Amino acid sequence: MTVRLPDGSQRVLPAGATAGDLAAAIGRRLAADAVAADLDGQLVDLATVLHDGAEVAIVTAASDAGRHVLRHSTAHVLAQAVTSLWPGAKYAIGPAIEGGFYYDFELPGGVRFTDDDLARIEDEMRRIIAQDQRFVREEHSIDEGLALFADQPYKCEIIRGLSGPAGAGLGAEAAGDMAVGATSVSVYRNGEQFVDLCLGPHVPATGRLGHFALQRVAGAYWRGDEKRPQLQRIYGTAWESEAALAEHLEHLEEAEKRDHRRLGAELDLFSFPGEIGSGLAIFHPRGGTVRRVMEDYSRKRHEAGGYQFVYTPHITKEDLLDTSGHLVTFAEGMYPPMELDDGQRYYLKPMNCPFHILVFRSRQRSYRELPLRLFELGTVYRYEKSGVVHGLSRVRGMTQDDAHIFCAGDQVAAELSEVLGFVLDVLRDFGLDQFYLELSTRPEGKAFGSDEEWAQATEALEAAAAEHHLDLVIDEGGGAFYGPKISVQVTDAIGRHWQVSTIQLDFQLPQRFGLEYVGADNARHRPVMVHRALFGSVERFLAILLEHYAGALPTWLAPVQAVVLPVRDDHGTYAAGVADRLRRAGLRVELEVADEPLGARIRKRKLEKVPYVLVVGDDDVAAGTVGVNRRGGGDPERGVLLEELVASMSAEGIR
RNA sequence: GCCUGGGUAGCUCAGUGGUAGAGCAGCGCACUCGUAAUGCGCAGGCCGUGGGUUCAAUCCCCACCCCAGGCUCCA
C-alpha cells in the first residue's frame, strides 16, 4: 500500500503496516521520538494499522499534539498508581489540559489525599514507567464496558452518557476524550490490573513517559456541579524532556514573581489586614499614589470624552434595589442589610447603575441632552464567596470607573463605536495594546427586550468591533438577560488574558424605572442605557498593570519616579537642589542621604524598580550635571545636564 | 460555600509536649564611598483568635478568623 506524508511524498509499505512501522521506515530517530500519529486528520496510536492512500503524519513528543498525548498517558499512569496504592479507589476523568493534566479520584472510606501523598504517588508512577508497560487498546460493546467498570461508578456514568442521547450530561472536557453517541467503547489496558475508559491515543508504552511532576491536590465537583460529590483532583505536568519540564517550572516561578500580591507587599503598595476582613484592601502611600495617578488620568480623559461627573452614596434603602431588580437578581452577591430601628433596611451598594438612573430621572430630559454620559469612580461592595477572593483582582470592596450612557435608540450604534474607541484608546495609554473582543449574545430562555431589539443591538456591537479591526469571539448565549454585552480581553506581557472593560446594553432598567425623554416630536420616548466600565475596577486594573509590567510601572505611573543619591555627604546640598528642581517640574522624587555605600543604595532602589536612579558627585556639582541610571538600561549615563534631564523626564513622566 | 495546604519577629522561613531561632529589613555607632549587598552592636514574638486535653500547649484536639492553590462563581 501507499501512504502520503505531510511533505507530499509517498511511501510504499507492506500490507498491515502500522503507523509505528511507518515511523521506523522513515528513520530511527523519528521512531524514537514518535508518540502517536495523525491518520487522515485524526490522532491515533502508533499501533494503528494504516490503509492504502492514507494521509499520515508522525506526531513527536515535542509538539502540541505530542505533549497532549504524553500528558494524557501520564494521567493514566497517575490513575494506575493511585488505584495500586489505594485499592478500591474510584477514578473519574483525567484529561490533558493546557500545560499539564489532572485526574479526579474518590478514595475508599472518604480518605483524602494530602500533599505528602504526592511524593508516594510519584514514586509509584516512576515504578510503572520503569516497567515500560504497553498501552493496549481494546474495543468493547456498551454492555461489556459497563461490566468491565462494574466497580467504577463514574466510568459507568460516562458510558451511559455515551450510549444515551448525544452528549447527555457530559462535561466538555470529558466529551473531548470520548466518542459520543457510540455503540461501543474503547479502553486502554496497561499492566495486568489497570484499565481505563479512553478514546486515546496513547504512547505505545509507559517507558515513553517520565518527565513529569505532580503539582497539587484540589477538590473538584464531579462534572463541575456543586450539588454532586466532590472528588479529589491531582494536578500534574508532563513534558517531552527534562529540559522542557525544567523550563516550564521556571516559567511558573516567573509568573509567581509577577504576582501582584507579592509585588504589592514588596513595593509597599497595599495590604489586606485581617482585621478588616477578606477581600478588603488598604492602599499605602505608594500604592495610593499609583492609584491616584490612574484615577486622575481617567478623570481627565473622561472629561475630554464628554462625560459628566456624578457622585452617589454608598448605601441605599431597599426600595431602590427593589425597583432595579437587584434584590432578586443579585441577592447572593450583596452584603446582608442593615436594619434600622424603624424597620427600614439599608444595603451597601453592589452596583452604581440604579443611582445613576436617579440622576437621569431627577428632572425631565430632552433629546438635546442625549447621549447623556454619566461617570463616577463609584465604590461598591459585593459579598463574594470566601473561596474566590484573590488579591486585588477579586475583592469585596472595589471602585469601578463606571459610566452609564443614556441615548436614543437611533444613537446606539454610533455611541457604541464611540465608546469602544474611547476605551481602547485609554487602555493603550496604559500600555495594554493587545486585545480581542468577546460578544455575549442573547441567552436562551427568557430575556428582556424583543428579538428585534436584541438582533439590532447585537449587530451594532458587531459593527463597532469590526470598525476597530479587532478579533471578535462570540460567546453564544452568554449575555445577561437584560442586554447583549461586549467585553475587551487584554493579553498581557506574558501572554495571559484578562477581561477588563465591558460595554453592556440594557433594555430592562429604563423600563423598570420608567425612564423617558422628550423627543423632537414632542413625544415621550424611552432611552436605551449603555453600562460601561473601562478599568473594570481600579483595584483589578492595578493588579493587571502590576503583573503586566512585573512591578516596573512606566514612569508616569511609578510611585517614585526618581531618587537622588549624593555620592558623599558633602554632595547633599547639590543633591537636594536637583531633587527640588525635579519636584518643581511636577515629578515625584526622593532624596537619600549618603549613610551607606553607593552600591548598596543603588541596589536597594533598583529593587524598588525606581525608573530613574540619579547619582551626583564632585563632577556634577562642578558642572551642574547628574549621573543618570535608567531602569532597565545598561551603563549609567554620566554628565547629563540637569535641565536636559528635567525636560526628558517631564515628557516621559507627566500625563 | 466546598477540598487540600498554611498562619512562629516588619518580610522569608527553621524549630520543639517543659513557654523560641536564622537571614534580610529596622534602630544605634563607626565608615563618606562614582553605579546592584561596609563593619560592629542593639532591639524586636500572647508562635492567627477562642475553647479543650494535660502537671505543663507555639506543638495534640475542636471551633472561628485570615492566606494560598483548586472547584463553583465572577470585575
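## The second largest pocket

In this predicted model, 25 residues line the second largest pocket, and those lying nearest its centre are Gln-215, His-248, His-251, Leu-252 and Ala-255. Five elements each give two or more residues to this lining: helix H3 (64–85), strand S8 (100–106), strand S12 (212–221), strand S13 (230–238) and helix H8 (242–257). H8 has the largest share of the lining, with 9 residues.

The space in this second largest pocket comes to about 780 Å³. If you sort its lining residues by class, you get 8 nonpolar, 7 polar and 10 charged.

## The largest pocket

Now for the largest pocket, which holds about 1,200 Å³ of space. Its lining is made of 40 residues, and Phe-330, Met-351, Arg-382, Gln-400 and Lys-485 are the ones nearest the centre. By class, the lining of the largest pocket has 14 nonpolar, 16 polar and 10 charged residues.

Which elements supply at least two residues of the lining of the largest pocket? They are helix H12 (326–329), strand S21 (397–407), strand S25 (497–506) and strand S28 (528–533). S25 gives the most to the lining of the largest pocket, contributing 5 residues.

## Around the RNA strand

RNA strand B is surrounded by 58 residues, and the closest of these are Arg-216, Gln-230, Glu-384, Gly-617 and Asn-629. The surface near RNA strand B is made up of 18 nonpolar, 18 polar and 22 charged residues. At least two residues of that surface come from each of S12, S13, helix H19 (598–607), helix H20 (618–623) and strand S32 (625–630). H19 gives the most to it, with 7 residues. You will recognise S12 and S13 from the lining of the second largest pocket, to which each gives two or more residues.

What does the protein meet on the RNA side? Of the atoms of RNA strand B within 4 Å of the protein, 51% belong to sugar or phosphate, and the rest belong to bases. Three individual approaches are worth looking up in the viewer. An N or O atom in the side chain of Arg-540 is 2.6 Å from a sugar or linking oxygen of RNA strand B. For Gly-219, a polar backbone atom is 3.1 Å from a sugar or linking oxygen of the strand. With His-390, the partner is a phosphate oxygen of RNA strand B, 3.3 Å from an N or O atom in the histidine side chain.

## The protein chain as a whole

Stepping back, chain A contains 21 helices and 33 strands. Its C-alpha trace spans about 85 × 75 × 60 Å along the principal axes. Chain A has 655 residues, and 49% of them count as buried. Among contacts in chain A with a separation of 6 or more, 67% are between residues 24 or more positions apart.

## Two residues to look at

Asn-190 sits in strand S10 (residues 184–190). Is Asn-190 buried or exposed? Asn-190 counts as buried because its relative accessible area is 0%, and buried means under 20%. Its side chain makes a polar contact of 2.6 Å with the side chain of Gln-80. Leaving aside residues up to four places away in sequence, Asn-190 touches Gln-80, Gln-133, Arg-134, Phe-135 and Thr-206.

Asp-425 has its place in helix H14 (residues 412–429). Its relative accessibility is 34%, so Asp-425 counts as partly exposed. Asp-425 and Arg-301 are 124 residues apart in sequence, while their C-alpha atoms are 9.8 Å apart in space.

## Enclosed cavities

Beyond the pockets, there are 4 cavities of 30 Å³ or more. The largest cavity has a volume of about 90 Å³. It is lined by 13 residues, with Leu-267, Pro-559, Val-560, Glu-608 and Lys-609 nearest its centre. The lining of the largest cavity divides into 8 nonpolar, 1 polar and 4 charged residues.

Methods: Residues numbered from 1 in each chain as written. Chains lettered and ligands numbered in written order. Predicted model: local features only at pLDDT ≥ 70, side-chain atom pairs only at ≥ 80, totals over all residues. Heavy atoms only, no water. 1 Å grid on protein atoms, 1.4 Å probe; cavity = no way out; pocket = protein on both sides within 12 Å on 5 of 7 lines; lining within 4 Å. Points joined across faces, edges and corners; volume = space filled by probe spheres on them. Helix = DSSP H or I, 4+ residues; strand = E, 2+ residues; numbered from the N terminus. Nonpolar A, V, L, I, M, F, W, Y, C, P; charged D, E, K, R; others polar. Near = heavy atom within 4 Å. Polar contact = N/O pair within 3.5 Å; in protein donor to acceptor, adjacent residues only side chain to side chain. Buried < 20%, exposed > 50% of the residue type's maximum accessible area, 1.4 Å probe, protein only. Contact = heavy atoms within 4.5 Å.
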